[in-house]
Amino acid sequence: MTERVVAPSVLSMDYSDTGAALQMLENSPAQWLHFDVMDGHFVPNLTFGPDILKGIRKGFSGILDVHLMTSDPACWVEPFRKAGADLITFHTEALDNDPSAVSELLDTIRSQGLQAGFSVKPGTPIELFASCLPHADLVLVMSVEPGFGGQSFMEGQLEKVRWLASQRAENDVTYRIEIDGGINGTTWKKAVESGADTLVAGSWLFSGDLDQKTAEMLQ
Ligand code: DX5
Ligand code: ZN
């Protein structure tokens, strides 16, 4: 069994006191931080670049999980590696859903000493990317349309989680199955029951007792 991981999404962090927010995350039971990079083109929102990740790297010793929602993912690998990323995930749609291009970019990311992941938007079939699975350290299932925190969980996306879990059980592959979007006290359990082992949570996790919620998710 893959160890369960909770990755708070820093999109929902309190930016009025970044130092305190980071310290709280560093001292929490969460092992990873999820860092959403949006370019205002692949998705209709803008967030953070490598310089911000560099600052976060100084205050967080766990895994920095970078989720690229950008039209040109390849050009961002090196800047985010230099800034301190441990894992970089990009979207298949940014590569015209071409499985060869997806495998190639996963290999490139790994060749830079990073872990590599790919993600699909809710409307993209995951089965298209069966050949990419041996190249991936993580597959990210989006359970909302990427772009914004605070949206409702799309339960139908759990079918992709189940498919990824069965592929992993049947083949010699070891990727993590991450879910992102609309995770709360009810939906995280459904995701885990379906086979997810890496839980991204933003608005729900940051509203209330993050330590307690994280500890519950890890039980
Ligand atoms: C959405 C982002 C998510 C977002 C999740 O495009 O990829 O990581 O922060 O936020 P919640 O948990 O509020 O849906
Ligand atoms: Zn994300």
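Me: Leaving aside neighbours within four places in sequence, which residues is Met69 in contact with?
Reply: Keep in mind that this is a predicted model. Met69 sits in strand β3. Skipping the residues within four places in sequence, its contacts are Asp36, Val37, Met38, Asp39, Phe42, Val43, His91 and Pro146.

Me: How far apart in space are Met69 and Met38, C-alpha to C-alpha?
Reply: Met38 is one of the contacts of Met69. In sequence the two are 31 residues apart. In space, C-alpha to C-alpha, the separation is 4.9 Å.

Me: Is Met69 buried or exposed?
Reply: The cut-off for burial is 20 or more other C-beta atoms within 10 Å. Met69 has 25 of them, so Met69 is buried.

Me: Which strand is joined to β2 by 7 bridges?
Reply: Take one bridge as a starting point: Leu33 has Leu64 as its partner in β3. In total, 7 bridges join the two strands, and they run parallel. The partner of β2 is therefore residues 63–69, strand β3.

Me: What is the handedness of the β-α-β crossover from β2 to β3?
Reply: The strands β2 and β3 run parallel. Between them the chain passes through helix α2, residues 50–59. This β-α-β crossover is right-handed.

Me: How many of the residues of β2 are buried?
Reply: Strand β2 covers residues 32–38 and is mostly covered. Trp32, His34, Asp36 and Met38 point one way, while Leu33, Phe35 and Val37 point the other way, and all are buried. The count is 7 of 7.

Me: Which residues does UniProt list for "active site"?
Reply: The annotation comes from an unreviewed entry, and it lists Asp36 and Asp180. They are spread over 145 residues of sequence, yet they cluster in space, with a largest C-alpha distance of 10.5 Å. One lies in strand β2 and the other in strand β7. In UniProt's list, then, the names are Asp36 and Asp180.

Me: Which residues does Asp36 touch, not counting those up to four places away in sequence?
Reply: Asp36 is buried, with 24 other C-beta atoms within 10 Å. Leaving out residues up to four places away in sequence, Asp36 touches Ser9, Leu11, Thr47, His67 and Met69.

Me: Why do His34, Asp36, His67 and Asp180 gather at one spot?
Reply: UniProt, in an unreviewed entry, marks these four as "binding site". They span 147 residues in sequence, so the chain order alone doesn't show the gathering. What does show it is that no two of their C-alpha atoms are more than 10.5 Å apart.

Me: How many C-beta neighbours does His67 have inside 10 Å?
Reply: His67 lies in strand β3. Among the residues it touches are His34, Asp36 and Asp180. His67 counts as buried because its C-beta neighbours inside 10 Å number 27.

Me: Which residues is Asp180 in contact with, leaving aside neighbours within four places in sequence?
Reply: Asp180 belongs to strand β7, residues 176–180. Asp180 is buried, with 27 other C-beta atoms within 10 Å. Its contacts, with those sequence neighbours left aside, are His67, Leu140, Met142, Ser143 and Val200.

Me: Of the 21 residues that surround ligand 1, which are the closest?
Reply: At least two residues of the shell come from each of β2, β8 (198–201) and α7 (203–206). UniProt's "binding site" annotation (unreviewed entry) covers residues including Ser9, Gly149, Gly202 and Ser203. The closest to the ligand are Ser9, Pro146, Gly149, Gly202 and Ser203.

Me: How many polar residues does the shell around ligand 1 have?
Reply: The shell holds 21 residues. By class, 7 are nonpolar and 2 are charged. The polar residues number 12.

Me: Which residues does Gly149 touch, not counting those up to four places away in sequence?
Reply: Gly149 is in the loop between β6 (138–142) and α5 (158–170). With 17 other C-beta atoms within 10 Å, Gly149 is partly exposed. Residues up to four places away aside, Gly149 touches Ser9, Leu11, Ser12, Gly202 and Ser203.

Me: Where does Gly150 lie?
Reply: UniProt's "binding site" (unreviewed entry) covers Gly150 as well as Gly149. Gly150 has 13 C-beta neighbours inside 10 Å, so it counts as partly exposed. Its place is the loop between β6 and α5.

Methods
Residues numbered from 1 in each chain as written. Chains lettered and ligands numbered in written order. Predicted model: local features only at pLDDT ≥ 70, side-chain atom pairs only at ≥ 80, totals over all residues. Buried ≥ 20, exposed ≤ 12 C-beta atoms within 10 Å, placed from the backbone. Helix = DSSP H or I, 4+ residues; strand = E, 2+ residues; numbered from the N terminus. Right-handed = clockwise from strand over helix to strand, strands pointing away. UniProt positions renumbered as here; feature names shortened; annotations may be inferred. Contact = placed C-beta atoms within 7 Å. Near = placed C-beta within 6 Å. Nonpolar A, V, L, I, M, F, W, Y, C, P; charged D, E, K, R; others polar.
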